[in-house]
Amino acid sequence: PFIAGPPSNTKYKNVNRCGPIAYSERKPAYKDLLLCPHCQKGQCFRADTSVRKHVSGIPKPIYSDWVFYETVDGSIGGPGLEKYRSQIRQTFKMVPDTIDSCTIDTTNLPVPQLYCTDFDIPENGYGFGVNGFNQKCGLSFWYNCAEDRPFLPPKNKDVKVHEADLNVNLVTCTAAPTPTPTCGPTAFFEAELVNNNLGGFCGGDSPTKAFIEGEDCGDGSMTPQEIRYRVSDNIYLVVTNTSEYTPGIGIGGGLNNEGALNNGLVDNGKFGQINLRHGTSVDLNFAFVNGGGSPVVIDELSWRFFDLDQSICPCNFTTCPVGIGGDEPINYCSNCDAEFPREQLRIPMSEVDVVTLSDGLIPPVDSRICQYQDMTSFLFNSRAVGNGDDNPTDPENLDDFQKSLLVDLTYTDVSNFNASYCIINGAGTVGRNIIFAFNFSECV
């Protein structure tokens, strides 16, 4: 673009009010004068006389500050194109009716012109006839369809006609309304297992590579030591161990006896599962990320750990014993020998917003878990015996016993959180499993 600027000679007068023919046939002395302001319907004269009387600062000539453009790129399209082409064929019968497009071509036509005394608020400004129709701020230019030019008269010469002109008033743009996000539930049982190599122990059905039990998934350090689930189109749950992780040694022949091969998904993908060897503990981090690895913040996350129980020996009390300061009693479940494993879950208090056991559900169910707390964490201890026959198979369809073994956690504005899983006591090198599921509302 360029600005006309103040006149230095009479060239402006010679091209003022110019049309296509006058512009194309302008004298050699004016060939370098690209601008050719066209003032239709007497608008420039009106601005130079009546408007000048009550608006100060109007330049002379009236178009001195107009902005002119040498070229225009674009095309005419949309639902009205067919009607537009029909009108062209009616006016210019030499144009073939097979042409169904229009690429804007301003060749050898007066160049486009734009002006406003107040571009910030065009309604408060003047254009002084720049749009060809009134005194409002605007833009105007004449053009042909490039596809039609070979057929317009006179042939074999510069085209001296124009098919159409475009005249636009400028107005202030209003901010587009913020679209209302579409929200829908995202649940774990829709997850897909992407990687299964927690702590470098290749899990069952690992999609990464063929596995060797108890070893990395075949790629050594090249395979991320994590369990990764795709939970929606661009949200992943990544589980990593932040302390030493020791799964059971898989001996086969039982629900808890497959070691790291138990890790991943269970019950047709409705639960996530992690196996841990008797007498060990592991600190886990659960993180939500997008496909590029950046954190994803979940507005409200409803997370549940299920099946917190123990083997063979139940604790010999009907109500949870009270510890000093709310902590776990020293002799908790002392009636069970050390060979019988029981489970414990530890959740940092600073991270979780709401903790609910089954007696806080609607309707309530007596919980078979004892809750305690120390200076930093909530502790959840098993006290009831469970086996594979009573394990849940659907997080949305639980019987009362399965509800009594769950820990319900609510997090807000969370992208990751921590939990520690511990198997207290237990003989042998096998392990037990903790299972989990969640849901949240995802908005797009």
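Reader: Why is Ile312 called exposed?

Author: Its relative accessible area is 59%, and exposed means over 50%, buried under 20%, and partly exposed in between, with a 1.4 Å probe and protein chains only. Ile312 belongs to the loop between strand 15 and strand 16, a strand being a DSSP E run of at least two residues, numbered from the N terminus. A word on the basis: this is a predicted model, where local features need pLDDT of at least 70, side-chain atom pairs count only at pLDDT 80 or more, and totals for chains, interfaces and linings use all residues. Residues are numbered from 1 along each chain as its sequence is written, and side-chain values use heavy atoms, without hydrogens and water.

Reader: Why does Asp307 count as buried?

Author: Asp307 has 9% relative accessibility, so it counts as buried. Asp307 also sits in the loop between strand 15 and strand 16 (342-348).

Reader: What makes the phi of Asp307 worth a mention?

Author: It is near 60 degrees, a positive value in a residue other than glycine. Ile312 has a positive phi too, near 70 degrees. Most residues other than glycine have a negative phi, and most peptide bonds are trans. The peptide bond from Ile362 to Pro363 is cis, with omega near -5 degrees, and Pro363 is placed in the loop between strand 17 and strand 18.

Reader: What makes Asn131 buried?

Author: A relative accessible area of 0% puts Asn131 in the buried class. The side chains of Asn131 and Asn169 share a polar contact of 2.5 Å; such a contact is a pair of N or O atoms within 3.5 Å, one able to donate a hydrogen and the other to accept it within protein, and residues adjacent in sequence count only if both atoms are side-chain atoms. Val130 is likewise buried at 0%, in the loop between strand 5 and strand 6. From Val130 to Tyr115 the C-alpha distance is 6.3 Å, although they are 15 residues apart in sequence.

Reader: How do you know that strand 9 and strand 10 pair?

Author: DSSP must find at least two bridges between two strands for them to pair, and strand 9 and strand 10 (residues 227-232) have four, in the antiparallel sense. One bridge partner is Arg228, for Asn195. These strands belong to an open sheet of eight with the order 9-10-11-14-21-16-19-18 and antiparallel pairing. Strand 9 (192-196) and strand 18 (369-373) have a single partner strand each, so they stand at the edges.

Reader: What makes strand 20 mostly covered?

Author: Six of its eight residues, 407-414, are buried. Strand 20 pairs with strand 15 (residues 298-306) in the antiparallel sense over seven bridges, and Ile298 stands opposite Val414. Strand 17 (residues 354-356) also runs antiparallel to strand 20, joined by three bridges, with Val355 opposite Leu409.

Reader: Which residues line the largest cavity?

Author: They are Gln310, Cys313, Cys333, Cys336, Phe340, Pro341, Arg342 and Asn425. A lining residue has an atom within 4 Å of a point of the cavity, which is a set of points on a 1 Å grid over the protein atoms alone where a 1.4 Å probe fits but cannot get out. The structure holds one cavity of 30 Å³ or more, and about 40 Å³ of space lies in the largest.

How values were computed: 1 Å grid on protein atoms, 1.4 Å probe; cavity = no way out; pocket = protein on both sides within 12 Å on 5 of 7 lines; lining within 4 Å. Points joined across faces, edges and corners; volume = space filled by probe spheres on them.
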